[in-house]
Each structure stands twice: as C-alpha cells, then as structure tokens.
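Here is a short note for a colleague who is opening this entry for the first time. Please read the points with the view alongside.

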2 protein chains.
Amino acid sequence: RHLGIPQPVPYLTRLVSFLTLLGVVAALFIFLIDLAVHGIEAARNQLRQLVHPALGFGLYLLSAVALCLLSTFWCATLSKEAEGSGLPQMKSILSGFYDRMKDALKVRVLFAKALGLICAIGGGLPVGWEGPNVHISCIIAHQLYRIPFFRELKRDRSLRLQTLAAACAVGLASSFGAPVGGVLYSIETMASFYLVQSFWKGVMCALAGAMIYDLLYTTPLVEAFEGTTFDPQDVGRVQIFLYAALGVLMGLLGALFICCVRGIYEMRMRRYPGTNRYFLVGAVATVSALVQYPVRLFALDPRAAINDLFRAVPLKMTDNFGWIELVSLPIVKFLLVAVSLGLPLPAGIFIPSFLIGAGCGRLFGEVLRLVFGAAVVPGTYAVVGAAAFTAGVTRALSCSVIIFEVTGQLRHMVPVLVAVLLAVIVGNAFNRSLYDTLVLMKQ
Amino acid sequence: RHLGIPQPVPYLTRLVSFLTLLGVVAALFIFLIDLAVHGIEAARNQLRQLVHPALGFGLYLLSAVALCLLSTFWCATLSKEAEGSGLPQMKSILSGFYDRMKDALKVRVLFAKALGLICAIGGGLPVGWEGPNVHISCIIAHQLYRIPFFRELKRDRSLRLQTLAAACAVGLASSFGAPVGGVLYSIETMASFYLVQSFWKGVMCALAGAMIYDLLYTTPLVEAFEGTTFDPQDVGRVQIFLYAALGVLMGLLGALFICCVRGIYEMRMRRYPGTNRYFLVGAVATVSALVQYPVRLFALDPRAAINDLFRAVPLKMTDNFGWIELVSLPIVKFLLVAVSLGLPLPAGIFIPSFLIGAGCGRLFGEVLRLVFGAAVVPGTYAVVGAAAFTAGVTRALSCSVIIFEVTGQLRHMVPVLVAVLLAVIVGNAFNRSLYDTLVLMKQ
C-alpha cells in the first residue's frame, strides 16, 4: 500500500529515480571527502617519516595548525551555516521550520562544509564526519530538485520533508555502511511523529548509499570499519549485569561530557568573549597536535583505533596499545573532543563518541578480565561501551543498530541494547542530548 | 527528551514497570505455548515410533484430525475473534478503531487463541504463531491495565495506543528473539504516522521479551532458530544481480500466493457456502497429515527445517533433504499453507512464509551452484529467499531485520535488503498485502 499502488507509474518512476540518485550521489560525495582526508593523513605521515624527527615534528605541528585554520577560514568566508555538526539544523528543518532554515541548504554551505571537514579531520582534530555528512546529504537532496525531471516532485511539501528524512538516513548510512541504523536514526530525529510512508523511501535511499559504500570501501585506499568475530560464548549470559553497569556508567559519562562541552563553551564566552576565531582554532590545533603526536593509538585514524579496541584478542597480543595507552586514551580524547566541539568549524559527534566509549569499555573489560579471568572478552565490552557512550551523548537508541551494522554481527545484541537503553535513561535524568544543548548554547 | 525529563518520576516508574512486566509476561506466555506445542509434537512422534508402522500412521492421522478439530472447537465456543492471524485486527485498533474493536482484547479471546494455536500447530497444520502471538501480547497489555498500580496510565488514550504498539513489538520479538525487527514491524503496522515517543517504549518492551527468549530458548526443551555462520566470501559481491533476481521472483510468488489464498477462500464460499467448520478443518487436517507424513523434511518443526535450509553446507552433506525433497517442499507447502490460512482457527503467516521462501531460495541456490560452481553458497540464497518471500506476502520491509536477528549476523545485509525491497515493489504492482486481503475477504 505504501509502495505505489495509489500512485501513477510516471510519478513513482520519478520518485524511485530521485531516491536512488540521491543515495548514490550522497554516498559518492561522502566517499570523496573520505578519500581527501586519507590523502592528507597519508601525506602528513610520510612527511613525518621522511625527514629528521625534530623537523618531522615541526612539520606535523605546522601542517595541523595550517589545516585547522584553513578549515575555519572556509566557514568564515563561504558560509557560517557550515559550522558545527549540522544535525541540529536538519532537526529543525524536519520539525517544520523549513522556510526559516532554508539558508542552510545552499550550495555554498555544501562546499564550506565539505572543505572545512576535510581540513579539520586532516588536521588531526578529533571530530567526526557523520553529522556533517547528514547535512551534506540534505543539501544534495535539496539541490537535486533543480533537475527538471524532478521538479514536479518538489511541489509536494510533505514529500520534500520525507526526502530530507531519507537524506538524513543516507548520510548516516554512507558514513558507516549502516542502512538500517541510518533509517532508524532518521525516525528518532523527528520531533514528534514519523510518516510511515517515508519508511520505504528512507530504506531505498539508504540502501543505495550502503551499496556504494560496500563497493568502494573494499579498496585499500581508505579505512573502513572491520567486522568483529565474537564467538557465542564470548558474550557471557551471566555477564549481563556487568554490561548493564557499563551502560549506566556510560550514561553518567555522557551526561558529564555534555556538561563539559557546555561549560567550556560558556566559560570561553564569559571570559574571552571577542576571541578571534583563527587564534582560537590555532590554539586548540596546537594542543591537539602536541598531545596526540607521541602516542600511536591517539594519532591513528579513529576507525583504525576503534577496530583495534573491538578486537577479541587479549591485551598482550594487540600491536597498538598497552595499559598506559588504554588508561590515557579516554581521558585525553574526552577533553580534546569536548573542546573541539565548540570550535567554529564542521564537527561531528558520533565517531569521537564511539572512540571514547570503545576506550572506556575496553578498559572496563580489561579490568574485569584481571578480576574474573579469561571468561571475560574485553572486546565485547569495547563494543558495548562505544554504543552506550554514544547513546549517552546523543540519546538515540539507534546507536545500537549502527554498532550492529558496523561490527557485522549480532552476538552482542542483548548486552548492547540493555546498555544503550540504560545509558539513555540515566543520561536523560541529568540533562538534554548534546544536539539540543548545542542548539541552546549558540542561541 | 523522549525518555522522561518532562514526566514526573512516579509516572515514569509506573510506565517502565508496565513495559517491563508486559515484555516479561508476554514472552513467558509465548514460551509456554511453544512448550505445549513441542510436548504434543514429541508425544505424537513417540507414538509413531513405538507401535507397528501401520498402526503408527493411523494414530498419527487420527491425532492430527482430532487436534485440528479441537483447535476450531475452541474458537467456536470461546470466541470467534480468535480465528485467523490477529494482526489485521491489531492494525485496525492501532489505526484508531479502538472502541469498535475492543471485543478482540477480552480474556476469553486470549484463551481461545492460545489453546487453538497449540492444537493447530500440534496437529501438524503448517500455520505460524507470530500473528497470534502479537494478538496475545496485545490482550495481555490490555488486561495488565486492570492492576490498580497501572490504572492511572490507562486514562491517557495516546499512551494506551503506544503500549499496544509496544505489545505488537514484543509479540514479534518473543516469537523470533528479534527485538529490533519487532519494533520496526510495529512501525510499519501503523496506518499513517508513528509517534516517535513510542519508539523507546517499544524497544524497552521488546528487549524485556527478547531477554526472556534468550534465557529460555537455551534449554533443549524447544527448538530455536540457530545462527548462521557465513564467511564474508560466501556472499559474493558480483552475485548481487542473482540475489536481486531471486527478490523479483519472490515478489511474484508472493503476489501469486495472495491470489491463491483469496481464490481458494472465494471458491469455497461460492460453491460450498454453508460448509460445517468441523468438516472443513477435518478434511484439510487429513490431507495435510497424508501429504506431510512420508517425508521427514515436511513433518519437521518449521524452525528445524528452516535451520537446515539455511546451513552453508553443500547438498550432499545435509542429513534431512536431497533434490526430491527440495523441489517438492515449496510446492507442497505453498498449497497447504494457502488452504490452511482460510480455515476458522488461529493461523500466523510469517513462519510458513519463511519456510516456503527458504525452500525456494535454497532450490534457486542449488541450481545456481550446478551452473556456476562452488562460488555459490545455496544457504545464503535460502536466507535471502525466506526474507523476500515473506516480504512479498506481508509487504513489510522489517522482514529483513527479523531475518538478520534470526540468523545472528549481517554478512548478507545488502543482498537481503535489495531482495526484500524488490519483492515489496513487485508484489505491490499486483495486489495488496495478505493482511489487507484477509480483511477484505472476510467482510
């Protein structure tokens, strides 16, 4: 009933072409951004190894600062709408403030967002790309309506919102290769109700994006999330209380994280109200480069680091980290991310949250392993922690489904769902989601 | 924001207790039904083996007919509301016809449904239990409001519908151990729009049910779905066109199946309008027992048969079936199920559809393996076929997620989603979903 019987065939053809094209174009665009980021990261690492260590460090620091300054430069000159995650703006548009927020869907915002994002991540700031990717997908959806073939679709205002919801889904789906999680997230983004008709539209669009993701990320050009391979007995049924405790802990930490982001931003506004954006970004980029340079795990692409933390092998068999790195990772990233999210440049929240959560969870799991022995597989705690911390920050239950799709299996379904639900409940007892907080902060 | 800040703590406590209790009680009730079914099945099989073959066959046939007659007897005496799947009625209630359909939520319907279901499946009719389970969960939700502690919640009409949606989710979740699929299905069941607030309620309730499922189905007392263990290379990326072709085929077969169900029912009504219900059920039960008795794969519990078909081992290594069984299974089950769904007794649609689809898909895959060689893993085609045929019959995209959760992994995510989407589109080009057709038929 939802898929077309009452609709005439030419209309349906237009709609299906639109959704498929949107999925493919958005996924390709997101892939190109990823490719550019990896090009910059690879070039910077090469530079670091080719020359004398001291000079290498100098170049590393200099390139970090230069790239971050460039990132905020794009936002300052092209469009200030490109700053931040972009998800809060999309949420406002989907809640009905379409006409008031239209400016956020212009082509210049697209370029500011893409260029700013490439420079910020390439410059080593611990920011994510899924919020900006959602924003970019929505702009692409809005601009695709200009094609004469699709103009007829634009007249239907309800359909316009539905395609924007589908664009949200594909933005997330193409960032992670997670079509179902993307569609679920787009449902949760809605303020009050969700049109059931838009469900198949979201699935179709996100699936087109996920197929492109699936095709492109097999190349060794860019990092992708690896699937985990937990055995059934790795996720112990009696350990459910430990997973639940981790969920509660992550809910508390998520709420604390939101307090920190807000506190840092407000302190800055009160004490140094008129600070120049370039000075601000330059200072944070310097600190970030200085802190992340010495430790391999910190400087790694976040996906690679998350893959390492998720692995089911014991600590002594991992290449990239030991106890010291494991204890310091969550603390360092927690503070750096909290500072970075207030900066005037494109910055997503999911990936850094995954990393912090995975770090906390792995640490929790390794400690439990010391106490209870080999029955505890710390990799499963890293997975649960990643989902729960992200849920504690975003208050979205669909984080769990995204984690399922990223890890490619469902052995850890019940622990992840329990921890995510608890993290959301505990977090909501203290404050609003990070997105709502960011909107309130910047008003 | 959805999870409680604006709500006072006592209210939230009540709500959370209600949802958890609903999940636990519904899952336990569903488990007990399963246990009773397996008790009957085991007793009948024992009887068959203990005595002389001819006598064994006689007892098998006699018990099948007796149980099926008993099944329709419960519906005739206790409540006729218990006949059929129950999902169409729940759909009407959720669409707002609460007051008109209230009779379907009485306690006597619960008993008629449960007893009728146990007898029908125990008697060997190829009917499913998820539609009846959803109905049963909704009745439990409705009756739990009688507890004084929850009476306050009942006043809120919107909340009442939300908890019924959560009950739908837990009914499906506890039938398959599929919480996310259950919640998604409850979204798709909605006629036009879905309240985003009900999302976390559905997840919490379905999760409680899934945890009980997870706990109870480890006992060897009852069959459960086994996880599949496909390797990444089992789901070949170039085979996507073959999976898509299977999806289209399943969409066509699904539409044909709906035509058959309708055709058989209408022919019966035209030619033999006043047929006695016991005569009708007795005749179908006799045919079903005669056809299913000789072949081990046919008489198997549908879950065990589906597990066999999903396995990644080649045909000659499977114990339960060869080419003859594989070719005849889809044909026999297709016709038997189409006849059974029109009978006046509780009858679900998901499991038989899974079985028919898995049979068709496995056959498709085995033929492809003969043509293309060992690169084709027929088990993956069985999984895709099961999801796609069910989607072709129910027109619900969430079939894909249920299959993911049943198989416990996501290696086959893209093929399943593509096939399911195509099956729904192709099916919708011909007729309405089976649920809508059943509603129209019985008016």
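How many helices and strands does chain A have?

1. Secondary structure. Chain A has 20 helices and one strand. Keep in mind throughout that this is a predicted model.

2. Overall form of chain A. The C-alpha atoms fill a box of roughly 65 × 50 × 45 Å along the principal axes. For 443 residues, a compact globule would have a radius of gyration near 22 Å. Chain A has 21 Å, which agrees with that expectation.

3. Burial and surface. Of the 443 residues of chain A, 61% count as buried. The accessible surface of the chain comes to about 16,200 Å². Carbon and sulfur atoms hold 67% of that surface.

4. Contacts along the chain. Take the contacts in chain A with a sequence separation of 6 or more. Residues 24 or more positions apart account for 82% of them.

5. The nonpolar core. The largest one has 308 residues. Which residues have the most contacts inside it? They are A:F176, A:F257, B:F176 and B:F257. The list thus draws on both chains, A and B.

6. A closer look at A:F257. Leaving out residues up to four places away in sequence, A:F257 touches A:F334, A:V337, A:A338 and A:L341. A:F257 also touches A:I356, A:F389, A:V393 and A:L434.

7. How the copies are related. Chain A can be laid on chain B with an RMSD of 0.0 Å. The operation is a turn of 180° with a shift of 0.0 Å along the axis. The two copies are therefore related as by a two-fold rotation axis. Which residue of chain A comes closest to that axis? It is A:Q409, with its C-alpha at 2.0 Å.

8. How the copies meet. Of the interface residues of chain A, 100% are also interface residues in chain B. The copies therefore meet through the same surface.

9. Cysteines. A search of the whole structure finds zero disulfides over all chains. A:C75 is in none, and its nearest cysteine sulfur, that of A:C119, is 9.4 Å away. Is A:C75 buried or exposed? A:C75 counts as buried, because its relative accessibility is 0%.

10. A cysteine in chain B. Why does B:C205 form no bond with the closest cysteine? The closest cysteine sulfur, in B:C138, is 9.8 Å from the sulfur of B:C205, which is too far for a bond. A disulfide needs the two sulfur atoms within 2.5 Å. B:C205 also has 0% relative accessibility, so B:C205 counts as buried.

Note on methods
Residues are numbered from 1 along each chain as its sequence is written. Chains are lettered from A and ligands numbered from 1 in the order in which they are written. This is a predicted model: local features need pLDDT of at least 70, side-chain atom pairs count only at pLDDT 80 or more; totals for chains, interfaces and linings use all residues. Side-chain values use heavy atoms; hydrogens and water are left out. Copies are superposed by least squares on the C-alpha atoms of residues with pLDDT of at least 70 in both. Contact means heavy atoms within 4.5 Å. A nonpolar core is a set of buried Ala, Val, Leu, Ile, Met, Phe, Trp, Tyr and Cys residues joined through side-chain atoms within 4.5 Å. Buried means under 20% relative accessible area, exposed over 50%, partly exposed in between (1.4 Å probe, protein chains only). Helices (H or I, at least four residues) and strands (E, at least two) are DSSP runs, numbered from the N terminus. The radius of gyration is taken over C-alpha atoms; the globule rule is 2.2 Å times the number of residues to the power 0.38. Accessible areas come from the Shrake-Rupley method with a 1.4 Å probe; for residues, only the protein chains shown count as cover.
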